[in-house]
Amino acid sequence: MDLGSPEQDPEMKEGYSSVYVGREDDIKKSERMTAVVHDREVVIFYHKGEYHAMDIRCYHSGGPLHLGEIEDFDGRPCIVCPWHKFKITLATGEGLYQSINPKDPSAKPKWCSKGIKQRIHTVTVDNGKIYVTLSNEPVKYDSDFYATGNFKVIKS
C-alpha cells in the first residue's frame, strides 16, 4: 500500500444525510447513546457540554466503546476501550499512548498520538433533537474494519 495516498473505503458513500437519533434531554441524562445511522453503528457521547460521535467498535480489536469510561489524558477527553484500555480522543479519533525515552532514566512519560484511528461523525442539535451525519472522508480509518463487513451486527 502506498502510504502517500490514503486508501479509499469502498463502503463510504459520497454524501450522507443527517439522521435523527434521539432527544437532547435523554443523552444529557445518560451521557451516551448508541444508534444505527445508514447501517453503521455509532456511539454518541455528551461530555462537558459537547457532543461527539464515532464508530461504536474500537479500532484495535472491535471493543464496545459505548461501555468504556471517559477520562482526560494530557488535557484531552478520551474514551477508554473496556477491552484493552486503548485511549481514543473524543474530538479527533486519535489513538493516544504514553512514551518514554529509555536512554534517559530521569525522563517522564509523555502522551503521544498514533494518528487518527477512529472514524468521527458529526453531531448536530436542532430544537432538542440530536442528529448524526456520518463522515464521508475518503480516508480509510482503522475503525472502518470493525464497522463494516462481517463485524456489523446490522446487515444491509
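These are my notebook entries on a sheet and some aromatic pairs in a predicted model.

**Entry 1: the sheet as a whole**

I began with the strand order. I found an open sheet of five strands, and its order reads β5-β6-β7-β8-β9, with antiparallel pairing. Which strands stand at the edges? They are β5 and β9 (110-116), and each has a single partner strand, so one side of each is left without a neighbour in the sheet. I also looked up the turn between neighbouring strands of this sheet: on average they are turned by 40° against each other, direction ignored.

**Entry 2: β5 and β6**

Next I went to the edge strand β5, which covers residues 69-73. Its pairing with β6 (residues 76-80) is antiparallel and runs over five bridges. I noted two of the facing residues. Glu69 has Val80 in β6 as its bridge partner, and Glu71 stands opposite Cys78 in β6. How many residues lie between the strands in this hairpin? There are two, and Asp74 in this hairpin takes a positive phi near 55°.

**Entry 3: β6 and β7**

I then moved along to β7, made of residues 87-89. β6 and β7 pair in the antiparallel sense over three bridges. Here I met Val80 again: Val80 stands opposite Lys87 in β7, and Val80 is also the bridge partner of Glu69. The hairpin of β6 and β7 has six residues between the strands. Within this hairpin, Lys85 takes a positive phi near 65°.

A reminder to myself for looking at any strand: in a regular strand the side chains alternate between the two faces of the sheet.

**Entry 4: aromatic pairs**

I turned to the rings next. A pair of aromatic rings is described by the distance of the centres and the angle of the planes. The structure holds five aromatic pairs, and I wrote down two, including that of Tyr20 and Tyr131. Their centres are 5.8 Å apart, with 65° between the planes, and the pair is edge-to-face. Where do these two residues lie? Tyr20 is in strand β1 (residues 19-23) and Tyr131 is in strand β11 (residues 129-133), so the pair ties together parts that are 111 residues apart in sequence. Tyr20 has 42% relative accessibility and counts as partly exposed. Tyr131, at 22%, also counts as partly exposed.

Another of the pairs joins Phe145 and Tyr146. This pair is edge-to-face as well, with 4.9 Å from centre to centre and 90° between the planes. Is Tyr146 buried or exposed? Its relative accessibility is 13%, so Tyr146 counts as buried. Phe145, at 48% relative accessibility, counts as partly exposed.

Conventions:
Residues are numbered from 1 along each chain as its sequence is written. This is a predicted model: local features need pLDDT of at least 70, side-chain atom pairs count only at pLDDT 80 or more; totals for chains, interfaces and linings use all residues. Side-chain values use heavy atoms; hydrogens and water are left out. Two strands pair if DSSP finds at least two bridges between them. Helices (H or I, at least four residues) and strands (E, at least two) are DSSP runs, numbered from the N terminus. Axes are lines fitted to C-alpha atoms, for helices over the stretch in contact, and angles run from 0 to 180 degrees between N-to-C directions. Rings of Phe, Tyr and Trp (its six-membered ring) pair if their centres lie within 6.5 Å; planes under 30 degrees apart count as stacked, over 60 as edge-to-face and the rest as tilted. Buried means under 20% relative accessible area, exposed over 50%, partly exposed in between (1.4 Å probe, protein chains only).
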